[in-house]
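Here's a quick tour for anyone meeting this structure for the first time. Have a look at the picture, then follow along below.

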Amino acid sequence: MASSSSSPKQYDAFISHRGPDVKATLAKQLYKLLQERGCRAFLDREEIEGGESITSAIENAIRSSVVQIAIFSKGYAHSSWCLEELVLMLDQQPDALFIPVFYDVQPWELRHMDNKDSQYAAEFCNHQSKARYLDKLEKWKEALKSASNISGYEQREHKYNLCEEIVSRVLEEMRRRKPLHVAKYPVGLAQQVRVFEDSLSKTVKDTVTIAGIFGLGGSGKTTLATELFNKKRSGYKGACFLFDVRVSDLRSLQSQLFKDLFHEDRKFDSIAEGIGHLEHRLGRARDLRFLIVLDDIDHRDQLDDLLPAAMLSSGNLVIITTRNQSLLAGADICHRMKKMNFDHSRTLFCSHARPDPPTSYEKLVERFVEFCGGLPLALKVLGSHVYGKGELFWELELEKVRKIQPNDIMQRLRTSFDSLDREEKQIFIDIACFFNKIEIYDLKSKAIIIWKASGWSNAEHALQILQDRCLLESVEYGRFEMHDHLRDLGRQISADELSPRRLWQPELLGPMEAKGFQQILAETNGGRCFHSFRDSSLGMSITFFIAETDLLWLEMNEDGEPFMNIPSWIPLRKLHWLYIRSVRELWSTFQQQLQTYNQRQFEAQDG
């Protein structure tokens, strides 16, 4: 079957009718009203351009139409042209919307060809007498039977607004099928779509598929979901994209879902009522396939309220975007948004800032791209900030954003932070200020000990939450890693509002080596501080973590002679982690000596 996108002609509606019955009345009125509303409709051979064959023109018009309207009049079945059109129209489903209109006939007449009262039965008797139609009769009968079972419109004397109703349905379908805006510059999007579709193709066919897209705010989740929706919607009987679920009224979203899937306006007094109506209608439509996108989900209840159990039937596709990976438990596919590579990042930044920048801008472009860290939101925002500006402005803007990032980036990222509880926020801030991307042996275990010493008992669980919500990219035993923009967000929050305060910059304490450890302890009163420095008075390299005057973590490595005594002024009362290299070496030597002694004792006894 040829797709509508490959057809040489494009129509909004195709009107199949038998001219002598309805052309001068219903068909012409419908055609005129569609034209007045801005729809391009195909009515008959008047639409055919010179030199074009009638057959190919009609076939192309049917294949390239968004909506196909069949007006079943008493003489419709008399025309073999009409019957052939009907077969071709039904072959296009679900890529096109089929609307049957019953004009002075009843739907049952299309089904019961053995009924002597049916005009359609009489017409088929005539066709049977013609040898050239014998191989087509069964196909025509099946098409008429299928059409009679599709919900449509019936012409009655009191129904003066029939054309208005049909045109409204056509316009709604056109609006529903109109591609959603994806992105001004969809850089790298085709590759993301390929990866997603490769995963989708590996799922079991004809079963419901729940596909999750998760990642950091501003990483392109909605952009990818929108592109997938535009690409796949024609393959489903109904399609609905619900944007910004996190900040939207759920009853309004239920109403939109009902309208987009079933073409009915419904207002619900409660969420429970909405679920009930959706369950009922979906239960009656189990043979139909739907595509639904739920964008920016942040709570399990939203899934329960917008995805009734009846939606989880064969053939449906539900795409969910979220910043919280844990909400995708049970999904068939989980697609994580990755950082853009350098080439794509450069292209996206320059598209917004300055396409084909001069050679003199190259270093500045590289610095901006490096600063953005592959985050599409940052590339777009910063590119727009410097659009149309000179090199000096670029330099100044880069210096500025290194200190204070634009609010439109920080606000998008902060949404995930605000969803955390107090302990999770404190642990996030500690990582942002102290532990991000530093290499320390067994850092994870040490940090958890520190957090528990601070009264944050659910540290392991908090780390999992941070990962699920894409606020931490990775957690390893020796390293934590988060995006640099998240690091900046955490430090900005700590400096502006979060208690206790954190001292992550050595310059906040001044020259530590000159002061010595004792004075540093006094100066960090009331804050949290993590640093490494060399104490010349002790001849030691020292790593320490202080929380509200309490020393919680201390590591000491001597430069020269083994260190045998801890100065009395170092507060050990609340110390939770102590490592002194010389002591560790002494213990190791003792173990070796003990092993040698035991071996000699064993040999002596054996001898």
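## Two helices at a slant

Let's start with helix 14 and helix 15, which are oblique to each other. Bear in mind as you look that this is a predicted model. The angle between helix 14 and helix 15 is about 140°, and their axes lie 9 Å apart. An angle over 145 degrees would count as roughly antiparallel, so at about 140° the pair is called oblique. The crossing of helix 14 past helix 15 is right-handed.

Who does the touching here? On the helix 14 side you'll find Phe368, Val369, Phe371 and Cys372, and on the helix 15 side Ala378, Leu379 and Leu382. Sorted by class, that contact has 7 nonpolar residues, with no polar and no charged ones.

## The whole chain

Stepping back, the protein chain has 24 helices and 17 strands. It runs to 607 residues, and 49% of them count as buried. If you take contacts between residues at least 6 apart in sequence, 69% of these join residues at least 24 apart.

## Helix 21 and what surrounds it

Now find helix 21, residues 484-496. How far apart are its end C-alpha atoms? They are 18 Å apart, which agrees with the 18 Å that 13 residues should span at 1.5 Å a residue. Its buried residues are His485, Leu486, Asp488, Leu489, Gly490, Ile493 and Ser494. The cover over these buried residues includes helix 14 (362-372) and helix 15 (376-385), the pair from the start of the tour. Helix 17 (407-418), helix 18 (422-435) and strand 13 (502-503) are also included in that cover.

Zoom in on helix 17 and helix 21: they pack at an angle of about 80°, with 10 Å between their axes. That angle makes helix 17 roughly perpendicular to helix 21. From helix 17, Met410, Leu413, Arg414 and Phe417 meet His485, Leu486, Leu489, Gln492 and Ile493 of helix 21. This contact of helix 17 with helix 21 splits into 6 nonpolar, 2 polar and 1 charged residues.

## Helix 20

Helix 20 covers residues 459-468, and its buried residues are Ala459, Ala462, Leu463, Ile465, Leu466 and Asp468. What do those buried residues pack against? Their partners are helix 18, helix 19 (443-453), strand 11 (474-475) and strand 12 (480-481). So helix 18 turns up twice: it is among the elements covering the buried residues of helix 21, and it packs against those of helix 20. After helix 20 comes Cys470, with a positive phi near 60°.

## Toward the start of the chain

Another pair worth a look is helix 1 (residues 19-36) and helix 7 (residues 162-177), which pack at an angle of about 45° with axes 10 Å apart. That makes helix 1 oblique to helix 7. Helix 1 passes helix 7 in a right-handed crossing. Leu26, Gln29, Leu30, Leu33 and Leu34 of helix 1 make the contact with Leu162, Cys163, Glu164, Ile166, Val167 and Val170 of helix 7. By class, the count for helix 1 with helix 7 is 9 nonpolar, 1 polar and 1 charged.

Two single residues also deserve a stop. Glu59 sits in helix 2 (residues 54-63) and is partly exposed, at 33% relative accessibility. Its C-alpha atom is 7.7 Å from that of Leu88, although the two residues are 29 apart along the chain. Trp81 belongs to helix 3 (residues 80-91) and is partly exposed too, with a relative accessible area of 42%. Between Trp81 and Thr55 there are 9.4 Å in space, C-alpha to C-alpha, and 26 residues in sequence.

## Two aspartates with positive phi

Finally, compare two aspartates. Asp296 has a positive phi near 65° and isn't a glycine. You'll find Asp296 in strand 8 (residues 290-297). Is Asp296 buried or exposed? With 10% relative accessibility, Asp296 counts as buried.

Asp356 isn't a glycine either, yet its phi is positive, at about 50°. Asp356 lies in the loop between helix 13 (342-353) and helix 14. With 75% relative accessibility, Asp356 counts as exposed.

How values were computed:
Residues are numbered from 1 along each chain as its sequence is written. This is a predicted model: local features need pLDDT of at least 70, side-chain atom pairs count only at pLDDT 80 or more; totals for chains, interfaces and linings use all residues. Side-chain values use heavy atoms; hydrogens and water are left out. Helices (H or I, at least four residues) and strands (E, at least two) are DSSP runs, numbered from the N terminus. The expected span of a helix is 1.5 Å times one less than its number of residues. Buried means under 20% relative accessible area, exposed over 50%, partly exposed in between (1.4 Å probe, protein chains only). Contact means heavy atoms within 4.5 Å. Axes are lines fitted to C-alpha atoms, for helices over the stretch in contact, and angles run from 0 to 180 degrees between N-to-C directions. Angles under 35 degrees count as roughly parallel, over 145 as roughly antiparallel, 65 to 115 as roughly perpendicular and the rest as oblique. A crossing is left-handed if the near helix is turned anticlockwise from the far one by less than a right angle, and right-handed if clockwise. Ala, Val, Leu, Ile, Met, Phe, Trp, Tyr, Cys and Pro count as nonpolar, Asp, Glu, Lys and Arg as charged, and the others, Gly among them, as polar.
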